[in-house]
Amino acid sequence: MTIKRILIIDDEADVREIAKISLEITRQWEVTTAASGEEGVRLASTYHPDAILLDVVMPKTDGLATLKQLSKNTDTCHIPVILLTATLRLATQQTFVAAGARAVLVKPFDPGLLGGQIETVLGWS
Amino acid sequence: MKLLLVDDDDVLVGQLASDLVSQNYVVDIATDGLLGWEYATAASYDLVVLDIDLPGLDGVSLCQRLRQTGYAGPILLLTGRSSSTDKVQGLNAGADDYLVKPYTLVELTARIRALLRRPPAVNDLSLRWGSLQLDPNAGQVTVADRLVVFSPKEYGLLELFLRYPDRIFSNTVLLERLWNADEAPGEETIRTHIKRLRRKLKQAGVDDMVENVYSMGYRLRPLPPEAADALGRANEVTSKAAIAPPTQALTSGVRPNSDALPPLAEATAAGPAAPDRDGPAAREQAAREQAAREQAIAAFERFRPAIDDRLRALHQAAAALNAGYLPEAVQATARAAAHKLTGSLGLFGFMEGSHLARQIEDWLQQPDLAEGSMFAALVDQLGLQLQAGPKLAAPDPAPDAVVRASLFGMAGASSDRYQVLAVDDDPAILAQLQRLLPPWGLDVVPLDDPRQVWDSLATSPPDLVLLDLDMPHLSGLDLCQQLRQGDRWQTLPVLFLTACRDPATIYQLYQTGADDYLPKPILEPELINRLFQRLERGRLLQTLAGTDPLTGLANRQKGTIELDLLLHLAQRYGQPLSLVRVEVDQPAPIAKALMNAVGQALVGRVRSGDAIACWSKSEILVGVLDTDLATAQAQIWSALESALATAIAVQTTGSELYLSGATFPDDGHRLADLYQRACQRRVSLRPAHPRGQPSRS
């Protein structure tokens, strides 16, 4: 199994922590976290993750703005981004996909299954 | 249940999807025929809804293609044309049903439910676990070729576990999957059914088939390796509607999921890893998944202060609402807190907590927060969940503690008192209830003759019914069955008081629709505790099901969706829409009875395509499509007239009802504008002069 590198960008410490625990335990992936969009964009270009989990609602630079910055940067534009949202509204989710997200995952996720879900949506399995 | 909607009308589909999601369906949307085809080949759906006029690939061709490639689930066609040729063409292409536009959400969801209830038309593979075999076509279960008889609910549980062998089902999910939204069974009911299922399995020689997963729920125990080998691959196809292995189930990422299990659980379970899911690698993976969940629960305490802060923000909003004014800043903080709680609580095993937080968040997004008491009840419910901690399987606290917590919650939640209808031919019991309940905020309506129940329900709708089992003229069981037969009292909590301990009778109580039973002699803490559990759950279920507990009409949340859809239909087909508002201006006790009477008077008179909703404690809104305001108001007036002459007039001498309205497009294009306009045109209806001209107030 290839060890994947994942970057989690979320301003909520509990979501960052549980996602990290989940991916490390269930998939043994390498996980780095960022608490803001700005920090996430910086880390993405140096850490070169295989995928980014990005929260939508964040202060200052929100998920969509972060996504835009990531797709403008030649170092990071190829990295698949999965948006994390607590909203069930379809119209909102469609906006996220239209903005370039590869998938939208609805929070809360099951810590046991998050890794498998990422593999499924990114075709890694 | 997972549905695919293929329709290019974004607004209509968005509203339909929100409604379906709120009814616990998982919904994918495709806006053209080709995209619909891609979705259908990438994932498994229990039902497909197709518009006939689709870009890319038309609905009839898509339907044909789905059937040709073996899709066996129900297909519902939506058509703007009412000619029989189109319907015949659609049905010939393999559709199971069709609906002509414009239709109402209520009609469409009823058709969807009816289709989902139909038995599968194709030969399903039998589901096996060791020597047990479940044949979904015959509805039979055999163990080593010997027939074993299960009750419908036990059978449903067994089938669910066998179809999704890797999933853990929480009590909430089982309630959602196997009980109608109208029913209101408690988690105790699930435990009873699971216990009975296990006992029957054991008697049939199948031991330990269903296991408890600590703090998560129940699941099918993996077979021992040798048994799994013997079983072979027979159970690999777990979904009858699958037409291809799921390759990338979240192609476009549009996949809302209100199920208590997280999104994509099925995709993971049915993915390419499935063939060796009973092997050592899969078992190791399952252990790692479980370890991740346990680690998450273990991390909860570190994040509790932040979560408590968020809960405090919600309590502040609830207190402000109760005081009658919710400042914008408090509302915004509470909304953000609810949003965060929605996303995070489930991570720690509080799936129900996340669900409650989502309800609270939706509540806070309403433009006009009139239902403060309901909001506070939701917040209190969430607080109780968090107080219990993430180890959901922990034993229940002592009844006294729960009683205090509940009462504290309810007192803070609402100044309203609950009304309990107590039916018992024993005057000593009625006297005891009248002594015990009022100090807890529970008013008792005592009835010693069960034949008077219907009159009492009509004049004074209760929040809960307590029934004696053995009564002259009409037994408690018969009464309960009659209550559950109609729609009106489906969600009303019914508890039995009985000295009977016979398991067969207790089973019969649940079968007839009872929510719980209390053993006689009555013990105060247990009685109060159980009553509050039911009252809170009953209100919550009614809110979730979109029903207003007082009138039985759609509540404001559901009403908004239905009225918005009507408005959309009106816009799309260039028809007028009249919004009629009936307002009751009375002190609380009279208003309650009057609202109930007005609701009853109107509900049967509203055409099937129109919408009616209880908008607040004193307002009912009716949306009438393709009708001008004067006609719509006259219709409502005539419906109310007879009620005014009888029940309402009796209770409201010298009182006021107000009737007003607004029309799309003349008075506005949005529901909020129409409502505001209607409020400005308050016209008084004086019951004393029902035939006179309404006078402006």
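This is a short tour of a predicted model, moving from the whole chains to selected parts of chain B.

**Stop 1: the two chains**

Start with chain A. Color by secondary structure and count: chain A holds five helices and five strands. Now trace chain A from the N terminus. Its elements follow the order β-α-β-α-β-α-β-α-β-α. Chain A has 125 residues, and 55% of them are buried. Turn on contacts for pairs with a separation of 6 or more. In chain A, 61% of these link residues 24 or more positions apart.

Switch to chain B. Here there are 25 helices and 22 strands. Chain B has 697 residues, of which 46% count as buried. Apply the contact filter again, for residues at least 6 apart in sequence. In chain B, 66% of those contacts join residues at least 24 apart.

**Stop 2: the sheet of chain B**

Select β1 to β5 of chain B. They form an open sheet of five strands, ordered β2-β1-β3-β4-β5, and the pairing is parallel. Look at the edges: β2 (26-30) and β5 (97-100) of chain B each pair on one side only. From one strand to the next, the twist averages 20°. What holds neighboring strands of a sheet together? Strands pair through backbone hydrogen bonds, in parallel or antiparallel fashion.

**Stop 3: strand β1**

Select residues 2-6 of chain B, which are strand β1. How many of its residues are buried? Five of five, so β1(B) is mostly covered by the cut-off of 20 or more other C-beta atoms within 10 Å. Show the side chains. Lys2(B), Leu4(B) and Val6(B) point one way. Leu3(B) and Leu5(B) point the other way. Residues on both sides are buried.

Now add the neighbors. β1(B) pairs with β2(B) in the parallel sense over five bridges. Two positions to label: Leu4(B) is opposite Asp28(B), and Leu5(B) is opposite Ile29(B). With β3(B), strand β1(B) makes a parallel pairing over four bridges. Label Val6(B) too; its bridge partner in β3(B) is Leu50(B).

**Stop 4: helices across the sheet**

Select residues 33-42 of chain B, helix α2. This helix lies across β1, β2 and β3 (47-51) of chain B. Its direction is at about 160° to β1(B).

Next, select residues 59-68 of chain B, helix α3. Helix α3 of chain B lies across β1, β3 and β4 (75-79) of chain B. It runs at about 155° to β3(B).

**Stop 5: Trp37**

Stay with helix α2 of chain B and center on Trp37(B), which sits in it. Is Trp37(B) buried or partly exposed? It has 19 other C-beta atoms within 10 Å and is therefore partly exposed; buried would need 20 or more. Leaving out residues up to four places away in sequence, Trp37(B) touches Leu57(B), Leu62(B) and Arg65(B). Draw a distance from Trp37(B) to Leu62(B). They are 25 residues apart along the chain, yet their C-alpha atoms are separated by 6.9 Å.

**Stop 6: helix α1 and its partner**

Select residues 10-22 of chain B, helix α1. Check its length. At 1.5 Å a residue, the 13 residues should span 18 Å, and the end C-alpha atoms are 18 Å apart, which agrees. Buried residues in α1(B) include Leu12(B), Leu16(B), Asp19(B) and Leu20(B).

Then add helix α22 (residues 556-573) of chain B. The axes of α1(B) and α22(B) come within 10 Å and cross at roughly 165°. Angles over 145 count as roughly antiparallel, so α1(B) and α22(B) are roughly antiparallel. Their crossing is left-handed. Show the interface: Val11(B), Leu12(B), Gln15(B), Ser18(B) and Asp19(B) of α1(B) meet Ile561(B), Asp564(B), Leu565(B) and His568(B) of α22(B).

**Stop 7: helices α12 and α13**

Finish with residues 300-323 and 328-345 of chain B, helices α12 and α13. They pack at about 140°, with axes 8 Å apart. That makes α12(B) oblique to α13(B). The crossing here is left-handed. Zoom in on the contacts. From α12(B), the residues involved include Ile307(B), Arg310(B) and Leu314(B). On the α13(B) side, among them are Val330(B), Ala334(B) and Leu341(B).

Note on methods:
Residues are numbered from 1 along each chain as its sequence is written. Chains are lettered from A and ligands numbered from 1 in the order in which they are written. This is a predicted model: local features need pLDDT of at least 70, side-chain atom pairs count only at pLDDT 80 or more; totals for chains, interfaces and linings use all residues. The expected span of a helix is 1.5 Å times one less than its number of residues. A residue is buried if 20 or more other C-beta atoms lie within 10 Å of its own, exposed if 12 or fewer, and partly exposed in between; C-beta atoms are placed from the backbone. Two strands pair if DSSP finds at least two bridges between them. Axes are lines fitted to C-alpha atoms, for helices over the stretch in contact, and angles run from 0 to 180 degrees between N-to-C directions. Two residues are in contact if their C-beta atoms, placed from the backbone, lie within 7 Å. Angles under 35 degrees count as roughly parallel, over 145 as roughly antiparallel, 65 to 115 as roughly perpendicular and the rest as oblique. A crossing is left-handed if the near helix is turned anticlockwise from the far one by less than a right angle, and right-handed if clockwise.
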